[in-house]
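Open the model in your viewer and keep the selection box handy. We'll go stop by stop, picking something and looking at what is there.

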Amino acid sequence: MSTELPSRSSAHEPYWLALRFPEAWFECRCPEQERHHRPPAVLLDGGGRSSRVAAVNRVAAGLGIEIGQSLATARSRHRANATADTPLRCLGVDHRAVEEWLAEWGEWALTYTSRVSRPPAVRSGVDVGAGLLLEIGGSAALFGGIGAVVSRLLEALKPWQLVVQVAGASPPRVAWALAAAVADEPPWLCRPREQLAAVSRLPLAFIDWPTTWIERFAELGLRRLGEVRRLPRDGLGMRTDPLLLADLDRLFAARDWPLADLVPPARYAREVSLWDPASQVDRLLLLARGPLVGLSEFLHRRRLAVANFVVWLGHEERASTRLEVATAEPGRDERLWQEQLRLQLESAGQLAPVTQLRVEADHFVAPRAGQGSLFADADERGRDERALFHRLQARLGRPAVSRLQDVPSLIPMNRSRLQPLPGQQGRSPRTRPVEPPDTSLLPGAFRPLWWLEKPRRPDAPVHYHGHIERIETNWWATAEESADYCAGELVGGRAVCLRRERAGGDWQVIGLDD
């Protein structure tokens, strides 16, 4: 097996990269937090006591569970070899979940190429496995070559903890066949001159052919693809399906493989499931993280933004719960969406146990360019009011808040209080005694003219003036804070603004008055 990269001279030639996901049936329904420590899982074909194991993930295979075993046998192997805190996950066939999951990854792959396809079946009813084909030859120059594209792509896949088999070749059918032979090995990037030998050595078990074809060749003692190709073509065509000859030509690059390019969906929809029903806010937020990050990436790829979308919570014995997440301005910030969703979940009270969470968005707009001004204008004040309005609706419920009205002194802009400085604060052998508090200094009197980009420790002794101003924000503020502020003067006479955390710590300079 060759892992050398194709030469740069072939970077502009068509080159296809195959991504096979052998555990897609499991990963499309596995919560993100459980992918790092995967539970053993099996895919069942059939129902009841007649169920048979159709697929196993690597953890289950390590316990001795094999394809074709009955469910009872699989459970007994699990009890004999697994620890008590690792249950066996038994999943039924769900083609829709796999298709939606692959569509999401196909959309993601468009970041690296303009052509993404799903491999078609050789014959109707034959499963070719879950995976994608990416034509990366045309975009290789943008990333620095074929090898650079593959490295970037695999690095981006790492955080998702997916089982993926990767191979590349100029004909797409060859790339797809080679990927089946890659297990825990590096990507198999096949050079054109090595292609014929590589395909000829492939075992027939790795080819997506009907089982009847492979068994018939096994009876003749044929185990590899090259052996089948050396049979007389006329006799092979008379004794087998014509589709076999057509696919054999594609495997040896003698015929094109018709592929349909993936069409990006017009709306975003992603669903995740929980193994065990839950109603805790923290666990539901963790479950929602994957779909929200996916929505943010969806918007970044298309250079769009969204102002509101819907989150559906599925329950076992009752109708789904609908939550609408809205923000003051269209955006792509998943952290802001999570905060809005947290407020809604906390205000919803006791939720019925949730088994599924689905995020749907279909109203997209182009993001508005611009930046904030030094002094807030009418647009910025309106945006802040809309942000507060949406936070109140998320916290109290949409029926409870219909509009905002300004009322003097209802919620002060700065909720703070003064407290005198301790008599010994700031005293050191190199400083003069602290001056008595100046009661004429009011909150805001020492607001600095220049704010520092980052707080820093004073580089000279400091004389403290006035009072400490303690500022504490409440739940309606976007960023919660609890800290003490104070005016000061360095030994050289420079006025500064100081800050320290309420929990304790040293004073730090955060602003200058000149």
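Start with one side chain: is Glu360 buried, partly exposed or exposed? Select it and show the surface: Glu360 is partly exposed, with a relative accessible area of 21%. That value is not under the 20% needed to count as buried, so Glu360 falls in the middle class. Bear in mind along the way that this is a predicted model.

**Stop 1: the partner of Glu360**

Now add Arg267 to the selection. The two form a salt bridge, and their closest N and O atoms are 3.4 Å apart. Follow the backbone away from each end and you'll see that this pair links distant parts of the chain, 93 residues apart. Glu360 belongs to strand S12 (residues 354-361), while Arg267 sits in the loop between H12 and strand S9 (268-278). Arg267 is also partly exposed, at 35% relative accessibility.

**Stop 2: a pair within one helix**

Jump to helix H14 (residues 334-347) and pick Arg342 and Glu346. Here the salt bridge has its closest N and O atoms 2.9 Å apart. The two residues are 4 positions apart in the helix, so about one helical turn separates them. Colour by accessibility and both come out partly exposed: Arg342 has a relative accessible area of 23%, and Glu346 has 40%.

Now go back to the first pair and widen the selection. Which residues are joined into one network by salt bridges that share partners? Select Arg96, Glu100, Arg267, Glu271, Arg358 and Glu360 to see it. For one more pair, try Glu324 and Arg322, a salt bridge whose closest N and O atoms are 3.8 Å apart. Arg322 is partly exposed at 47% relative accessibility. If you'd like to hunt for others, the whole structure has 28 salt bridges.

**Stop 3: the five-stranded sheet**

Switch to cartoon view and find the open sheet of 5 strands, ordered S5-S6-S1-S7-S8 with mixed pairing. Its edges are strand S5 (116-117) and strand S8 (188-189); each has a single partner strand, so one side of each is left without a neighbour in the sheet.

Next, zoom in on S1 and strand S6 (residues 131-135). They run antiparallel and are joined by 5 bridges. To see one of these partnerships, select Leu19 and look across to S6, where Leu132 is its bridge partner.

Then bring in the helices. Helix H4 (residues 95-109) lies across S5 and S6, running at about 20 degrees to S6. Helix H6 (residues 146-157) packs on the sheet too, touching S1, S6, S7 and S8. The direction of H6 makes about 20 degrees with that of S1.

**Stop 4: the nonpolar cores**

Hide the cartoon for a moment and show side chains. The largest nonpolar core has 36 residues, and those with the most contacts inside it are Leu178, Trp188, Trp209, Phe217, Leu225 and Leu251. Bring the cartoon back to see where the core comes from: among the elements that each supply at least two of its residues are strand S1 (16-20), strand S7 (165-169), helix H8 (195-200), helix H9 (211-219) and helix H12 (242-251). Which element gives the most to this core? Pick H7, which contributes 6 residues.

There is a second, separate core of 29 residues as well; select Ala97, Trp105, Trp108 and Leu157 to find some of its members.

**Stop 5: two backbone oddities**

Most residues other than glycine have a negative phi. Two spots here go the other way. Select Gln161, in the loop between H6 and S7: phi is near 55 degrees, a positive value in a residue other than glycine. Gln161 counts as partly exposed, at 35% relative accessibility.

Now pick Arg303, in the loop between helix H13 (281-302) and strand S10 (305-315). Arg303 is not a glycine either, yet it has a positive phi of about 55 degrees. With 65% relative accessibility, Arg303 counts as exposed.

**Last stop: zoom out**

Select the whole chain. Its secondary structure comes to 15 helices and 19 strands, and 43% of its 514 residues count as buried. Turn on the surface for a final look: about 28,000 Å² is exposed, with carbon and sulfur atoms supplying 51% of it. Among contacts with a separation of 6 or more, residues 24 or more positions apart account for 64%.

Key. Residues numbered from 1 in each chain as written. Predicted model: local features only at pLDDT ≥ 70, side-chain atom pairs only at ≥ 80, totals over all residues. Heavy atoms only, no water. Core = buried A, V, L, I, M, F, W, Y, C linked by side-chain atoms within 4.5 Å. Buried < 20%, exposed > 50% of the residue type's maximum accessible area, 1.4 Å probe, protein only. Pairing = 2+ DSSP bridges. Contact = heavy atoms within 4.5 Å. Axes fitted to C-alpha atoms, helices over the stretch in contact; angles between N-to-C directions. Salt bridge = Lys/Arg side-chain N within 4 Å of Asp/Glu carboxyl O. Areas by Shrake-Rupley, 256 points an atom, 1.4 Å probe, with all protein chains shown as cover.
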